[in-house]
Amino acid sequence: MPILHTAARAARRAAEAARGLGRRRKYAWVPWWAPVRNEARVHPHSPEERPELFESYNAGTTEYELLNWLHATVMLLKPATVLETGAADGIGTLALASACRNNGFGTVHSVELDPERAAALGARLRSRKLDGFARVHCESSLDYLARTDTVFDVGFFDSMCEIRAAEFRLCLERGIIRKLAVFHDTSPLRTRTLDGWPTPDEHAAYRADVLALARDPRCTGWYESPLSRGFIAIFVAPDAGPGPATAAGSSARSTSAGKGMAPPDASLAVADATGDGGTDSDESR
Ligand SMILES: C[S@@+](CC[C@H](N)C(=O)[O-])C[C@H]1O[C@@H](n2cnc3c(N)ncnc32)[C@H](O)[C@@H]1O
C-alpha cells in the first residue's frame, strides 16, 4: 500500500511542521526555513538528560535553548568579538551574529574546517544581511587560534570534542579570551547513547580537561548543566593576561556546579532565555 504509506508520512510531516510553528515563536532569530524539532526525536539520549524538554534543528547543531541563551548573552554582555569554533550548518553563527546586529556592533569569528560548510555559511549570512556581523574562517581552529591577534569577549567552543579544551587552552595561554567560554556536548551521560564517536575515553578526557582549565587562576568560576547534550560555561577574568595554563589537576568532579557557582558578574548567570519575540528587532526575517 505505497499510497497509504506516502499519505501517512505526509500527515506526520504536516503535524510536525504545525507543532514547529508554535515552537518557532520562542526564538525570534531562527530563520523561517529551519525546522524546530523536539530534541528527543533528533538525537539519542539517556532519560536523565530530559531531551523532551529541548528543541533542535538537527543532530549536528546545538539545541535552540543553548543557542538562544548565547544569543541573549551576547545582547546582554555587548561583546565586540565572539568566537565560534565549528559552524556546521551555521545555525549557531546566525544566533550569535543576529545578537550582534541587535546590539548594532560586534563581530562573530566562526572557524569551520569544512570548505563546503564554510561557503554555505557565508551565503547564509549574506542572504540574511548578517555578513557585516560575522566572518567565516575556513581553516583548523587550532591554526587560527595560534595565529589570530583578535581578543575574544565570548567563546563558543563547538568543533570536535577532542580538541575543544586545546582550543581554550591556546586562548588562555595567548591571552585572547576574556569574560566567557562555553563548551557544548558535556553531558556526563553522553557516550551511553552515542554510537562510537567520541569514545567514552575521549569524552571523559574532554570533560576532565575543560573542568581542569576552569580551575586556572584566570578563570573565576564555572557552571555546568547536565541536561540534554549538556554545556559548561567558564567565567574568565576580563583582564586575564597571557601565560602558561596552570590548571590544577585533571580529575574532573561530576557535580553540576563548580567553584564560584555564583559568578563575580552576576549578569552572566541571568541571561534571558525566553526570546519570545517581544523585541522590536528585525531579526525574524
Ligand atoms: C558540532 S558542529 C558545530 C555546530 C554549530 N556550532 C552549531 O551550534 O550549530 C562541529 C563542526 O566543527 C567542524 N570542525 C571539526 N574539526 C574542526 C577544526 N579542527 N576546526 C574547525 N572546525 C572543525 C566540523 O566540520 C563541524 O561542522
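**Overview: the whole chain before the close-ups.** Helices (H or I, at least four residues) and strands (E, at least two) are DSSP runs, numbered from the N terminus. Counted that way, the chain in this predicted model has nine helices and nine strands. There are 285 residues in the chain, and 44% of them count as buried. Take the contacts between residues at least 6 apart in sequence: 74% of these join residues at least 24 apart.

**View 1: a look around the ligand.** Here we zoom in on the ligand, which has 22 residues around it. The closest are Thr 62, Gly 86, Ala 88, Gly 92 and Ser 141. Strand S3 (81-85) and helix H4 are the elements that give two or more residues to this shell. Sorted by class, the shell holds nine polar, seven nonpolar and six charged residues.

**View 2: helix H4, wrapped up by its surroundings.** Start with how far H4 reaches: its end C-alpha atoms are 19 Å apart, which agrees with the 18 Å that 13 residues should span at 1.5 Å a residue. Now look at what's around H4: twelve of the 13 residues are buried, so the helix is largely enclosed by the rest of the structure. The buried ones include Ile 91, Leu 94, Leu 96, Cys 100 and Arg 101. Gly 92 is on that buried list too, and we met Gly 92 in View 1 as one of the closest residues to the ligand. As for partners, the buried residues of H4 pack against helix H3 (64-77), strand S6 (152-157), S3, S4, S5 and H5. Right after the helix comes Gly 104, with a positive phi near 90°.

**View 3: helix H3, another mostly covered helix.** H3 has 14 residues, which should span 20 Å at 1.5 Å a residue; with its end C-alpha atoms 19 Å apart, the helix agrees with that. Twelve of its 14 residues are buried, leaving H3 mostly covered. Among them are Tyr 64, Trp 69, His 71, Val 74 and Met 75, and Glu 65 is buried as well. What do the buried residues of H3 pack against? Their partners are strand S2 (55-56), S3, H4, S6, S7 and S9. Just past the end of H3, look for Lys 78, which takes a positive phi of about 55°.

**View 4: helix H5, with a buried side and an exposed side.** H5 runs from residue 115 to 127, and its 13 residues reach 18 Å from first C-alpha to last, close to the 18 Å expected. Which residues of H5 are buried? They are Leu 121, Gly 122, Arg 124 and Leu 125. These residues sit on the same side of H5 because they cover an arc of only 165° around the axis. It helps to remember that an α-helix has 3.6 residues a turn, so residues three or four places apart point the same way. Over on the other side of H5, Pro 115, Glu 116, Ala 123, Arg 126 and Ser 127 are exposed. The cover over the buried residues includes helix H4 (91-103), strand S4 (107-111) and strand S5 (134-137). After H5 comes Lys 129, with a positive phi near 55°.

**View 5: strand S9, flanked by two pairing strands.** S9 covers residues 231-236, and six of its six residues are buried. Phe 231, Ala 233 and Phe 235 point one way, while Ile 232, Ile 234 and Val 236 point the other. Six bridges join strand S7 (residues 177-184) to S9, and the two run antiparallel; in this pairing Leu 180 stands opposite Phe 235. Strand S8 (residues 219-225) also runs antiparallel to S9 and is joined to it by six bridges, with Trp 222 opposite Ile 234. S8 and S9 make a hairpin, with five residues between them. In the turn, Ser 228 has a positive phi of about 50°.

**View 6: Ser 46, out in a loop.** Find Ser 46 in the loop between helix H2 (39-42) and S2. Is Ser 46 buried or partly exposed? Ser 46 has 13 other C-beta atoms within 10 Å, so this residue is partly exposed. Setting aside neighbours within four places in sequence, Ser 46 is in contact with Leu 189, Arg 192 and Thr 193. Check Arg 229 too: Ser 46 and Arg 229 are 183 residues apart in sequence, yet 9.8 Å apart in space, C-alpha to C-alpha.

How values were computed: Residues are numbered from 1 along each chain as its sequence is written. This is a predicted model: local features need pLDDT of at least 70, side-chain atom pairs count only at pLDDT 80 or more; totals for chains, interfaces and linings use all residues. The expected span of a helix is 1.5 Å times one less than its number of residues. A residue is buried if 20 or more other C-beta atoms lie within 10 Å of its own, exposed if 12 or fewer, and partly exposed in between; C-beta atoms are placed from the backbone. The arc is that of the directions from the helix axis to the C-beta atoms. Two residues are in contact if their C-beta atoms, placed from the backbone, lie within 7 Å. A residue is near a molecule or strand if its C-beta atom, placed from the backbone, lies within 6 Å of it. Ala, Val, Leu, Ile, Met, Phe, Trp, Tyr, Cys and Pro count as nonpolar, Asp, Glu, Lys and Arg as charged, and the others, Gly among them, as polar. Two strands pair if DSSP finds at least two bridges between them.
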